[in-house]
Amino acid sequence: MTLEDAGPTTLSPARTRLALLALALGGFGIGSTEFVAMGLLPNLASDLLPGLYASDSAAANSQAGLLISAYALGVVVGAPTIAAAAARWPRKKLLLALLTAFTLGTVASAVLPSFQLVLLARFVAALPHGAYFGIASLVAASLMGPGKRGRGVAFVLSGLTIANVIGVPAITWIGQLYGWRVAYLVVAGIFALTFVAVALAVPWQAGDPTATMRNELKAFTRLQVWFALAIGAIGFGGLFAVYSYVAPMATEVTGLPAAAVPLVLVVFGIGMTIGNIVGGRLADHSVRRSMYLFFGILIVALVVMGFTVSTVAGLLAGVFFVGGTSAALSPIIQTRLMDVARDSQSIAAALNHSALNIGNALGALLGGIAIGAGLGYVAPIWIGLGLSIAGLLLAVATFAIDRARRTRGVEVPYGTAAMAAVGEA
């Protein structure tokens with residue numbers, strides 16, 4: 001029997017690891033393409049908007065920031081649309097199609113001549129983002145076996161978090177030396193390599209033959225799905241309120257030189273990588289308790305960071321714990337979405353990334369408004385604190401609804417045996 005013919009349960013441990021690594025490599029490429037623009041923003045602005053950059057570099061950088069917004073919008077639009085429309089597709093076939101779209105979209109981003117065309121290319125390149133993570137998470141969960149869904153989701157997401165430690169700094173360095181277009185071509189090469197790895201290592205998995213777009217979209221009729229999305233969009237806004245402005249925070253508040261900013265970002269990425277692994281493991285034991293735990297730690301970390309960010313130790317500890325606890329929440333929220341969406345699994349697994357990108361935009365927007373109002377670069381930390389508290393309150397509310405339904409004898413679906421055993425959602 002070939003790997004292509006084998007089902008997930010017949011794979012050897014070594015082949016299972018290879019398949020998981022192939023899926024995670026796609027996450028590495030996505031993390032690189034999503035965040036590398038932040039480090040190369042001045043390069044993008046000076047090349048694509050040369051006239052404006054010559055007269056007003058700040059205005060050019062601000063306009064070039066639309067490239068980041070265009071990517072986030074593409075994720076929000078593409079995740080539910082592709083996941084719902086392609087739910088019947090065999091999962092490997094869909095993953096390969098999405099990786100082809102990633103590769104072509106990223107190449108287009110690198111070679112198109114004008115700002116407007118690159119802006120469109122970034123939107124198009126982002127459309128497969130959420131669907132890839134969603135379908136790859138379902139495949140990984142199947143490969144990991146019963147009771148290990150959270151770890152499967154976390155393994156795929158680990159590619160994204162590792163990209164923040166290795167990929168983004170390295171590709172940013174390449175872009176600074178050889179130009180931002182070369183940097184995007186490197187990212188396109190990562191996606192092409194992932195295509196080959198998935199084609200060779202990931203086993204064939206059938207799609208859901210009974211799935212229809214109408215059935216997938218039923219997820220939006222369920223109140224608990226909206227609660228889970230709100231937890232991701234609002235609660236995760238706390239991370240992005242801090243992450244979006246960590247560079248000026250480090251230089252203007254802590255007083256570090258600009259050359260130290262990459263080190264701060266590496267600490268952020270290390271925290272995210274560790275948090276993602278821990279969160280995935282704990283999600284398999286209890287989604288409710290894990291969500292409460294990490295929201296609590298995130299809130300404490302933001303409070304401490306707000307009072308100590310003027311010191312190097314306070315800044316580094318703050319970014320490590322804020323990044324780590326936020327990353328831990330990602331597989332937990334995704335597991336929750338997969339639980340409450342019931343039979344709309346494809347769209348549920350993808351929607352988490354739409355929610356997180358809404359959080360990206362929300363945190364950056366509110367943090368920017370606070371800075372623009374003259375409140376200083378510490379203000380985004382307090383904005384993040386407010387968003388994280390709101391996320392925790394939403395989590396309390398969603399699980400309270402589950403308890404009320406159980407009291408009334410209404411069935412509440414659970415995704416793991418451990419959750420059912422303790423009567424938690």
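Start by selecting Gly-145, which sits just after helix α8 and takes a positive phi of about 100°. Before moving on, note that this is a predicted model, where local features need pLDDT of at least 70, side-chain atom pairs count only at pLDDT 80 or more, and totals for chains, interfaces and linings use all residues. Residues are numbered from 1 along each chain as its sequence is written, and side-chain values use heavy atoms, with hydrogens and water left out.

Now step back into α8 itself, residues 129–144. Helices here are DSSP runs (H or I, at least four residues), numbered from the N terminus. With 16 residues at 1.5 Å each, α8 should span 22 Å, and its end C-alpha atoms are indeed 22 Å apart; the expected span is 1.5 Å times one less than the number of residues. Color by burial and you'll find 14 of the 16 residues buried, meaning under 20% relative accessible area with a 1.4 Å probe, protein chains only.

Next, add α5, residues 66–85. The two helices pack at about 50°, with axes 6 Å apart (axes are lines fitted to C-alpha atoms over the stretch in contact, and angles run from 0 to 180 degrees between N-to-C directions). That makes α5 oblique to α8; angles under 35 degrees count as roughly parallel, over 145 as roughly antiparallel, 65 to 115 as roughly perpendicular and the rest as oblique. Show side chains for Tyr-71, Val-75, Ala-79, Ile-82 and Ala-83 on α5, and His-129, Gly-130 and Ala-131 on α8: they make the contact, meaning heavy atoms within 4.5 Å.

Swing over to α12 (residues 223–235) and α17 (residues 312–340), which pack at about 170° with axes 9 Å apart. They are therefore roughly antiparallel. On the α12 side, pick Gln-224, Val-225, Ala-228, Leu-229, Ile-231 and Gly-232; on α17, pick Ile-333, Arg-336, Leu-337 and Val-340.

Keep Ile-231, Ile-333 and Arg-336 on screen and select Met-291: its contacts, leaving aside neighbours within four places in sequence, are those three plus Leu-329, Ile-332, Ala-395 and Phe-399. Met-291 is also among the residues with the most contacts inside the largest nonpolar core, alongside Leu-23, Tyr-132 and Met-305. That core has 94 residues; a nonpolar core is a set of buried Ala, Val, Leu, Ile, Met, Phe, Trp, Tyr and Cys residues joined through side-chain atoms within 4.5 Å. For a last stop, find the second, separate core of 15 residues, which includes Ala-83, Ala-233, Ile-347 and Leu-351.

Note on methods: Buried means under 20% relative accessible area, exposed over 50%, partly exposed in between (1.4 Å probe, protein chains only).
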